[in-house]
Amino acid sequence: MIDLRSDTVTQPSDMMREAMCCAPVGDDVYGEDPTVNRMQEIAAALLGKTAALYVPSGIMANQLSIRAQTQPGDEVIIESSAHIVLYEHGAAAALAGAQLHGITGDRGILEPEQVEAAIQPKDPYHPRTSLICLENTHNSGGGSIYPLAKIERTRSIAQAHGIAMHLDGARLFNAVVATGIPAAEYARHFDTVSFCLSKGLGAPVGSLIVTNDGPIIEQLRRSRRMYGGGMRQAGILAAAGIYALERNIPRLKEDHDNARRLAELLNKVATVSVDVNHVETNIVIFDVVGSSRSASEIVDALRKHGVLLNAVGKTTFRAVTHLGVDAQEIEQAGQILFQVLS
Ligand code: TLP
C-alpha cells in the first residue's frame, strides 16, 4: 500500500526505536523525566522561547493554548477552515468556553486587514477578542505557507489591541524547510506555538507547545493535567521526539519534492484539476471533475489498486507525502491514479 492519507501514518525507524528503548525516564508529572526535560529545552531553544511543554497530541496543544489565553465567552479570531475549527470537535467551545470567530482566507491565509476588521469593539455589547490563531502550514489550504510579512503585520495589529497570538504549527517545520526562514523567526510573533512530532517528523506520539516563562506556561501545565494529559515515564516517547528534532527536519524537503512531482503526475490526468504551483510543501489537494463515481467510490477503487488517500469534499481529495513514501512509490502512485481516474 502506498499510504498518502496523512503524514500521521509514519512509522518510527529502527534507529528511533533504539533511541527510545534506552532513554532515561522519570515521573514527568513531578517534572522529573530527564528525557522529556531535555526535549522541552531543545524545543524551546529551537523556537527562541524560554519554556516548552510536551503534550500527547496536536489537538491538546491547540486547546491548552486557547484555554490559557481566553476567558469563557471570549472570541478567538481564526481562519474558517483551520484545523481548530473543522477537526477538533468544537473543543474550544466545549473546554474553554471560547467562541470562534471564523473568517474565510485564501488557502487558509488571512489578510491582516481582515483580522483587524474582525476585532470586536471594546464596549458593553460585544464579546472580548482575546486571541488570534493562525495555522502554518495550513492543512486545508493545501499545505500553504503563511507569509512572514502577513504574520508580522497581524502581530502589530494584535499588539495594538492587546490581543494574544497562537500558532497551530503542527507542520511548522515544513514551512521552515520550504522557505529557509528559521522556526524562531516565525515563533517570535506568537505568544504560544504548537508543533507536532508525530507528523512529517516521524515520531510516534506527541506535540510541543513553546512559550516564554511566566503565567502562561504555569496555566498550560495545570490545564494539561486537568485535561488528562499529564504523563509519567514519557521519556520513552520524548526520546523519539529528540531523535526527530535532531535528524528528521532537513529531510522534509524530499516530501515537498515528492508532493510536487505527484501534482505534476496528477495534472496529466484529464479528469483531475490541480494547481501545481499551489503545492508549496507536502500536501496536494486536487479535484476530480465530471466523474460519475462518488468520492468514497473513488477512494475505494484507489485502495483496491494499492493507493490510500482521503476525500476532503464531494469531489476533492488530499494526498500527503511523508517519510514512508519514496520517490519511486510516488511514480507508482501517479500511474495508479492515472489508471483509476482516467
Ligand atoms: N491533522 C490530521 C487530521 O486531524 C485532519 C491530518 O491528517 O492532517 N493541527 C493541524 C494543522 C493538523 O493538521 C492536525 C492533525 C492537528 C492540529 C492535530 O494533531 P493530532 O492529530 O496530533 O491531535
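Which element gives the most to the shell around the ligand? Helix H3 does, with 3 residues, and the points below follow this helix, the sheet on which H3 packs, and Thr70 in the loop after the helix. This is a predicted model, in which local features need pLDDT of at least 70 and side-chain atom pairs count only at pLDDT 80 or more, whereas totals for chains, interfaces and linings use all residues. Residues are numbered from 1 along each chain as its sequence is written, and side-chain values use heavy atoms, with hydrogens and water left out.

**Ligand**
- The ligand is surrounded by 14 residues, the closest being Ser6, Gly58, His83, Asp168 and Arg171; a residue is counted if one of its heavy atoms lies within 4 Å.
- Polar contacts (pairs of N or O atoms within 3.5 Å) to oxygen atoms of the ligand include one from a backbone N or O atom of Ile59, at 2.9 Å, one from a side-chain N or O atom of Lys199, at 2.9 Å, and one from a polar side-chain atom of Arg318, at 2.9 Å.
- On its own the ligand has 520 Å² of accessible area, of which the protein covers 82%, as computed by the Shrake-Rupley method with a 1.4 Å probe.

**Sheet and helices**
- An open sheet of mixed pairing is formed by 7 strands in the order S2-S8-S7-S6-S5-S3-S4, where strands (E, at least two residues) and helices (H or I, at least four) are DSSP runs numbered from the N terminus, and two strands pair if DSSP finds at least two bridges between them.
- Strand S2 (51-55) and strand S4 (99-103) are the edge strands, each of which pairs on one side only.
- S2 pairs with strand S8 (residues 207-211) in the antiparallel sense over 5 bridges, and Val55 stands opposite Ser207 in S8.
- H3 packs on the sheet, touching S2, S3, S5, S6, S7 and S8, with contact meaning heavy atoms within 4.5 Å.
- Helix H10 (residues 215-226) also packs on the sheet, where the strands touched are S2, S7 and S8.

**Thr70**
- Thr70 lies in the loop between helix H3 (58-68) and strand S3 (75-79), and is buried, with a relative accessible area of 6% (buried means under 20%, exposed over 50%, partly exposed in between; 1.4 Å probe, protein chains only).
- A polar atom of the Thr70 side chain lies 2.7 Å from the backbone oxygen of Ile66.
- Apart from neighbours within four places in sequence, Thr70 is in contact with Val76, Ala96, Ala98, Ser130 and Leu131.

Terms used
A polar contact is a pair of N or O atoms within 3.5 Å; within protein, one must be able to donate a hydrogen and the other to accept it, and residues adjacent in sequence count only if both atoms are side-chain atoms. Axes are lines fitted to C-alpha atoms, for helices over the stretch in contact, and angles run from 0 to 180 degrees between N-to-C directions.
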